[in-house]
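Here is a quick tour of one protein chain, from its core out to a few odd backbone spots. Have the structure open as you read.

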Amino acid sequence: MSLIRNGFGHLKVKVIALLCLLCLLFPSLISAGPPYRTVYIDHSVGGMQYYVQPIYLPEKVIDGNEMAVPLSTPSDLFVTGNGDVYVADTGNNRIVQFNEQGQYIRSIGDEEGLVTLNQPEGVFVAEDGAIYAANTAAGNIVKFNAEGQVEQTYDKPPSNVLGDDYHFLPTKVVVDARGVMYVVVKDTHQGLLRMNPEGEFTGFFGANKTKLTWLDQLKRSILSKEMLAKEIAKRPNSIQNVTLTGDGFLFTTSTGKTNDGQIKKLNAGGFDAFQNKPFFEYDLVDTAYDSQGFLYGMDRVSGNIAIYDPTGDLLFYLGGADKNARQLGMVSFASSLAVNANNDIWVADSGTNLIHIFKRTSFGDTFLNAAHYYYEGDYAKSKPYWEEVIRHNGMLNISFNGLGKIALHDRDYELAIDYFKQSYDAEGYSDAFWSLRYEWLQRYFFISLVALIVLIGGLIFLFKRARAFVRSRTWHPKVKQYGSELGDAFYLIFHPYNGFYRLKERNISWFVIILIVLLAIGVHIWSIFGSGFIAHPFNLAWFNVRLSLLMLIAPWLTWIIANYLVSSVKGGEGRFREVLQASTFAIVPFIVMTIPATLLSNVLVLEEWIVIDLIHQLKWLWIILLLFVMTQVIHNFDFLESFKNAGITLFTIGVMWIFIIIFVALSGNLLDFFNQVYREVINYG
């Protein structure tokens with residue numbers, strides 16, 4: 001036994017040694033990635049989100065332990081042109097300066113003197129090195145020179161607009177090239193307070209608009225002025241932060257709903273270049289921008305850093321929040337972010353008194369460089385970057401879109417069409433297809449015209465021969481019946497009154513009724529998969545054919561049932577069979593007009609798409625007209641009675657669908673209940 005134990009012991013040691021050797025040979029297998037996932041938002045497919053490789057990785061944190069007094073509640077960050085970072089260290093009543101590597105340089109405003117900082121929550125550094133601190137608790141703005149000495153303080157400016165109840169508690173400040181200050185004042189809704197270099201009030205700027213709900217609008221329309229005066233006043237969302245760009249734009253950050261101007265890009269006149277674009281964030285706290293024009297947003301609740309393109313469309317999410325752990329790359333309570341000239345992201349976390357630094361990865365550099373040239377319209381420079389992006393990740397449709405625009409610019413239209421299909425870009429596809437079609441028509445216009453004439457002539461000839469052949473033969477009575485009924489169906493769509501009169505007191509064969517329904521279903525499915533790319537610019541594998549068929553068949557079925565029930569109550573003469581077969585004949589225009597619309601969708605471009613839309617609109621108007629005439633003829637109603645009947649029928653259809661939805665929901669709950677009971681009996685019975 002001892003020999004066996006010794007053998008197992010030696011084997012165990014060998015296994016452990018082998019595992020250690022494997023770890024040394026393959027360290028990447030056990031290396032830890034970032035504590036968060038990077039998400040790419042693909043707008044070409046309706047904002048679908050993909051996990052991608054990191055574009056930023058957390059590099060290090062700054063805790064200030066090398067200083068005599070560590071950081072306490074850092075509230076704001078500002079990056080200068082030389083890479084230095086200034087931090088509003090609110091808890092320590094000072095401004096702290098770090099170099100580009102995060103090494104401590106100096107503290108400002110905490111020396112004993114005539115003016116000391118008191119819980120500053122904002123910092124800004126001008127081009128001449130002057131440092132502005134939003135001295136929140138003291139209710140003023142303090143200006144330091146480049147050496148850190150106090151030059152001037154700005155208290156609440158005297159103005160009749162700013163009454164005694166206006167509390168001047170500045171939290172953020174930026175200063176433009178003229179020395180004009182734009183100040184975020186805590187808990188105010190008037191917008192940014194603007195002061196000239198002398199500290200005089202020059203007005204408010206960039207205020208958000210009050211958003212009224214439908215209930216508020218209803219109250220305003222029916223309540224008197226006295227009653228409205230008793231209501232709680234609606235105020236717009238307050239601005240939380242402000243960022244000044246190198247070209248003079250102001251980015252304001254506000255809390256509130258997604259369509260309340262969470263991020264605005266204001267010019268000198270106060271016009272929002274984003275035009276109230278929705279930003280789907282929970283609690284935005286700060287925004288920053290880089291040298292390439294990309295916008296960065298910091299969400300305080302989720303801890304996510306959002307990266308937007310220069311037009312404000314979301315590209316990436318990264319980062320995350322963890323309230324209970326001090327972990328590199330995870331924040332507890334984010335308060336500010338900034339981006340330096342190297343595109344490093346600095347994030348202040350006032351919950352853990354840390355500053356996180358994120359470094360852009362090689363993939364992130366490649367993608368954002370490609371995107372930068374793409375948005376600038378310099379497609380030639382973006383090409384090698386897009387090709388490199390595709391080598392790293394072939395899931396990003398924007399890469400193929402960029403290559404498609406390059407191919408379009410190079411007049412390689414077939415390649416451009418292929419790339420635009422891969423990126424689901426209908427507009428780019430339309431441009432490339434138009435150019436390709438134009439070149440083809442230039443080469444083969446005469447030949448194609450002759451071929452079209454020959455084709456039309458051939459079809460006419462074949463139609464006449466087929467008709468002569470049908471008339472010359474003796475057919476089985478059933479076949480003659482089916483042919484006659486199908487002829488009546490086509491006659492009806494052009495002569496609705498006479499056609500529906502032919503159906504009264506007559507039973508159309510089930511074969512023809514089912515055939516027309518199956519043809520409508522078949523044409524509908526063919527229109528999905530046989531239409532041109534512009535009609536369905538997405539992956540058809542994602543298309544829910546069953547739901548599409550349900551949305552086609554269910555309204556038709558409920559119309560038949562509701563029309564028969566309502567007409568029976570109202571004294572209509574039509575039998576259920578007559579309503580069924582007449583409603584079936586009424587959908588023949590769907591078959592007739594969907595076929596040319598589908599064929600044309602393969603040769604028309606977006607600028608000509610009005611033809612397709614017109615065909616579809618005429619198709620549905622034609623069907624509606626036939627159903628109305630059917631109600632009038634089959635039930636022997638006059639025009640007014642038919643109109644009333646059609647309205648009640650539509651109402652009945654709505655009621656039926658409500659009951660169907662309720663029934664399905666309750667049935668699901670009931671089935672779930674029986675399933676739970678069954679599991680209880682099986683597991684514990």
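Which residues does Trp386 touch, not counting residues up to four places away in sequence? This is a predicted model, and in it Trp386 touches Phe367, Ala370, Ala371, Tyr374, Ile398, Ser399, Gly402, Leu403 and Ile406.

## The core around Trp386

Trp386 belongs to the largest nonpolar core, a set of 53 residues. Together with Ile345, Val347 and Phe367, Trp386 touches the most other members. Helix H4 gives the most to this core, chipping in six residues. Domain 1 (46–360) and domain 2 (476–674) both supply residues too, so the core lies between them.

Apart from that one there is another core, of 41 residues. Leu117, Phe124, Phe168 and Leu193 are among its members.

## Helix H4

H4 covers residues 362–376, 15 in total, and its end C-alpha atoms sit 21 Å apart. That agrees with expectation, because 15 residues at 1.5 Å a residue should span 21 Å. Just after H4 comes Gly377, with a positive phi of about 85°.

Plenty of H4 is tucked away: Phe363, Gly364, Thr366, Phe367, Leu368, Asn369, Ala370, Ala371, His372 and Tyr374 are buried. And what do the buried residues of H4 pack against? Their partners are strand E1 (38–42), strand E22 (314–321), strand E26, helix H5 (379–392) and helix H6 (397–409).

## Two domains and the membrane annotation

The domain assignment splits out domain 1 (46–360) and domain 2 (476–674). Taken over C-alpha atoms, their centres are separated by 58 Å.

UniProt, in an unreviewed entry, places "transmembrane region" at residues 444–463, 508–529, 549–567, 579–600, 620–640 and 647–666. Two of these spans are worth checking in the model. Residues 549–567 are 100% helix and 0% strand, with end C-alpha atoms 27 Å apart. For residues 647–666 the span is again 100% helix and 0% strand, and the end C-alpha atoms lie 29 Å apart.

## Strand E10 and its neighbours

Now for some sheet. Strand E10 (residues 140–144) is mostly covered, with five of its five residues buried. Both faces are covered: Asn140, Val142 and Phe144 are buried on one side, and Ile141 and Lys143 on the other.

E10 pairs antiparallel with strand E9 (residues 131–135) through five bridges, and Tyr132 stands opposite Lys143. The E9–E10 hairpin has four residues between the strands, and in it Gly139 takes a positive phi near 70°. E10 also runs antiparallel to strand E11 (residues 150–154), joined by four bridges. There, Lys143 has Gln152 as its bridge partner. The hairpin of E10 and E11 has five residues between the strands, and its Gly148 takes a positive phi near 90°.

## Two asparagines with positive phi

Most residues other than glycine have a negative phi. Asn353 has a positive phi of about 60° although it is not a glycine. Where is Asn353 found? Look in the loop between strand E25 (345–349) and strand E26 (354–360). Asn353 is partly exposed, with a relative accessible area of 25%.

Asn636 also has a positive phi, near 60°. Its loop lies between helix H15 (610–634) and helix H16 (639–684). With 48% relative accessibility, Asn636 counts as partly exposed.

Note on methods:
Residues numbered from 1 in each chain as written. Predicted model: local features only at pLDDT ≥ 70, side-chain atom pairs only at ≥ 80, totals over all residues. Heavy atoms only, no water. UniProt positions renumbered as here; feature names shortened; annotations may be inferred. Buried < 20%, exposed > 50% of the residue type's maximum accessible area, 1.4 Å probe, protein only. Expected span 1.5 Å × (residues − 1). Contact = heavy atoms within 4.5 Å. Core = buried A, V, L, I, M, F, W, Y, C linked by side-chain atoms within 4.5 Å. Domains from an automatic or database assignment. Pairing = 2+ DSSP bridges.
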